[in-house]
Amino acid sequence: MADSSFRPGTGIAPSTSVEISVSCRNLVDSDVFSKSDPMVVAYIHDQARRNWRELGRTEVVWNNLNPDFVKKFTLQYFFEQSQKLKFEVYDVDSASADLTKHDFLGRVECTLGEVVSVAKLSKLLDGPKKNSGLIIIGAEELSSCKEQVTLQFCGQKLDKKDFFGKSDPFLSISRAHEDGSFTLVHRTEVIKKTLNPTWKSFSIPVRDICNGDYDRTIKFECHDWDADGGHDFIGSFTTTLRELSKGPGDGTVFECINAKKKAKKGKSYRNSGLIKLLYFKIEQIHTFLDYITRGTKIHCTFAVDFTASNGDPKSPTSLHYMNPFRPNPYATAIQAVGNIIQDYDSAKMFPALGFGARLPPDGIISHEFALNGNPQNPYCSGVTGVLEAYHRTLYSVQLYGPTNFAPCINHVARFAAGARNGQDYFILLIITDGIITDMPQTTEAIVNASILPMSIIIVGVGDADFQAMEVLDGDDVRLSSRGKFAERDIVQFVPFRDFMGSNGEDIASVHARLAKEVLEEIPEQLLSYMKRNNIKPQAQPQPGRT
């Protein structure tokens with residue numbers, strides 16, 4: 001049976017870990033004969049259980065109102081989730097682990113997104129006094145190595161394994177562990193019917209191939225591919241990244257050895273072929289956090305569908321109906337995405353557009369109008385401002401049609417076209433209920449926007465047929481218009497109905513699941529733009545904010 005996990009040229013990168021550091025300044029002095037002995041307790045909010053879970057505690061810094069704590073907290077960082085953090089400061093009075101036995105000095109809440117978006121986040125503590133001091137929270141990505149190696153190999157005179165042909169060789173590359181075991185990190189493609197293959201070059205993070213240790217053993221195995229998954233072993237060899245770093249030459253030509261064949265043939269056995277290094281290059285790689293912490297700003301524009309197919313907003317069956325007990329799908333999508341994005345925009349000002357409505361006073365149809373009524377300045381203050389503008393618009397326009405996306409896409413693209421230096425990245429969130437009616441124009445707009453620092457998220461609400469949206473997503477077939485292909489996949493489509501919670505489900509859980517699905521491709525899309533345009537993170541991080 002064929003190995004379904006065999007995917008040449010692919011690999012799995014580890015999740016991003018961040019290290020949280022904490023300092024305090026001007027803490028309350030609660031001791032009579034000495035200064036406070038502060039300790040910080042860190043918590044993360046568990047959205048599933050709707051409570052706070054303790055991450056850990058710092059050491060106690062004795063007699064100090066301005067402590068810098070050595071103990072760090074490690075977290076997995078996910079851009080697409082709102083990861084709420086809480087820090088509480090106590091003056092330790094005994095060896096008891098019971099926090100009620102110690103004096104409370106102050107607390108602060110924030111999100112991990114707020115912390116990683118600046119060099120250091122400073123916040124006033126909410127404590128027993130009006131001025132209870134300041135807490136300074138820093139975040140640094142944990143990575144043993146931020147290098148990437150690009151390699152290319154060829155084979156010469158490999159053993160013939162196929163009875164009626166030659167061989168169909170491929171390479172498997174594995175990293176050694178301290179216990180002597182190996183973990184597969186890469187497979188090349190299969191080259192059919194040859195004993196002298198030249199495989200395509202491939203790039204892999206150094207942390208994957210050797211965990212940053214240039215002297216760690218790397219094992220190469222060469223197999224003859226078989227359709228039934230029973231690949232025939234040709235031979236293997238071991239090396240290190242340090243040895244490979246010598247580059248192509250006599251020192252990086254490796255004998256492929258088949259131990260069983262060698263034992264059988266004895267002295268007459270030389271090898272089962274040669275593997276030669278053709279190309280070697282080490283370069284620094286940059287992560288999403290590198291760009292965010294060094295000043296790249298993320299800007300989000302909201303575009304809301306006001307076509308008549310949504311139904312009369314006054315009717316409970318309408319997708320725009322303002323239910324007093326539960327937000328409608330449009331409000332839910334705005335809140336879910338906005339609550340994540342706002343952590344990465346210090347100004348927290350969001351353009352909000354509408355399309356498909358007739359506008360006062362003349363009833364002119366518009367496919368690109370400002371929800372706040374000011375086309376020269378369509379910005380709304382925070383997510384709350386976007387929601388307020390959306391609610392007001394519902395009762396000031398007439399829902400009409402058709403469903404055209406291109407004008408709003410081109411609106412954001414005009415701003416992105418003027419900001420290609422890597423300091424700004426734009427996200428357009430389109431929330432719609434209907435089948436798109438300007439498909440050719442929208443496709444062309446997306447293809448043109450694919451060269452810009454821009455991503456498009458489409459949230460489909462209601463029960464319409466969203467097959468056209470799947471085409472725009474471009475996960476399966478690369479999007480094209482007039483013979484021109486999109487340079488990057490910049491569209492993510494999400495059907496809202498997949499995230500509608502049961503009547504008893506907490507709305508926060510719905511928000512979290514929707515935001516995770518909607519935003520999880522953004523980091524990779526941003527990196528693809530930066531890499532394609534050879535844009536490095538800015539040299540110096542921006543100063544923190546209070």
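How many helices and how many strands does the protein chain have? The answer is 12 helices and 28 strands. Please keep in mind throughout that we are looking at a predicted model.

Let me begin with the chain as a whole. Along its principal axes, the C-alpha trace spans about 90 × 75 × 45 Å. The chain has 546 residues, and 50% of them count as buried. About 26200 Å² of the protein chain is exposed, with carbon and sulfur atoms supplying 49% of that area. Turning to contacts with a separation of 6 or more, 71% are accounted for by residues 24 or more positions apart. As for charge, the chain carries 61 positive and 66 negative charges, and the mean positions of the two sets are 6 Å apart.

The chain is divided into domain 1, residues 16–141, and domain 2, residues 147–284. Taken over C-alpha atoms, the centres of domain 1 and domain 2 are separated by 49 Å.

I now turn to individual sites, beginning with two residues of unusual backbone sign. N63 is found in the loop between β3, residues 51–57, and β4, residues 73–76. Its phi is near 50 degrees, a positive value in a residue other than glycine. N63 has a relative accessible area of 44%, and therefore ranks as partly exposed. The second residue is K157, in the loop between β9, residues 147–156, and β10, residues 169–176. K157 is not a glycine either, yet it has a positive phi of about 55 degrees. Is K157 buried or exposed? With a relative accessible area of 71%, K157 is exposed, because the cut-off for that class is over 50%.

The loop between β9 and β10 also holds S167. Here the relative accessibility is 0%, so S167 counts as buried. Which backbone atom lies 2.9 Å from a polar atom of the S167 side chain? It is the backbone nitrogen of K161. Leaving aside neighbours within four places in sequence, S167 is in contact with D159, K160, K161 and D162, then with I191, K192, K193, T194 and L195, and finally with D224 and I234.

From that loop we may move into strand β10, where S172 is found. S172 has a relative accessible area of 5%; the limit for burial is under 20%, and so S172 is classed as buried. Outside the four places on either side in sequence, its contacts are L184, H186, R187, K219, F220, E221 and H223.

Next, a loop residue further along the chain. T317 lies between β17, residues 297–305, and α6, residues 329–341. T317 counts as exposed because its relative accessibility is 73%. The side chains of T317 and S315 are joined by a polar contact of 2.9 Å.

Two cis peptide bonds deserve mention. Where are they? One runs from P360 to P361, with omega near 0 degrees. P361 belongs to the loop between β19, residues 357–359, and β20, residues 364–366. Another cis bond, again with omega near 0 degrees, runs from G401 to P402. P402 sits in the loop between β23, residues 398–399, and α8, residues 406–417.

I shall close with helix α9 and strand β25. Which residues of α9, spanning 439–449, are buried? They are T442, T443, A445, I446, V447 and A449. These buried residues pack against α8, β25, α10 (467–473), β26 (480–481), β27 (484–485) and β28 (491–495).

Strand β25, residues 454–460, contains I456. I456 is buried, as its relative accessible area is 0%. Among the contacts of I456, leaving aside neighbours within four places, is I446, which is one of the buried residues of α9. The others listed for I456 are I409, L428, I430, I490, V491 and Q492. The C-alpha atoms of I456 and I490 are separated by 5.9 Å, although these residues are 34 residues apart along the chain.

Key. Residues numbered from 1 in each chain as written. Predicted model: local features only at pLDDT ≥ 70, side-chain atom pairs only at ≥ 80, totals over all residues. Heavy atoms only, no water. Helix = DSSP H or I, 4+ residues; strand = E, 2+ residues; numbered from the N terminus. Buried < 20%, exposed > 50% of the residue type's maximum accessible area, 1.4 Å probe, protein only. Contact = heavy atoms within 4.5 Å. Areas by Shrake-Rupley, 256 points an atom, 1.4 Å probe, with all protein chains shown as cover. Lys, Arg positive; Asp, Glu negative; His and termini not counted. Charge placed at Lys NZ, Arg CZ, Asp CG, Glu CD. Polar contact = N/O pair within 3.5 Å; in protein donor to acceptor, adjacent residues only side chain to side chain. Domains from an automatic or database assignment.
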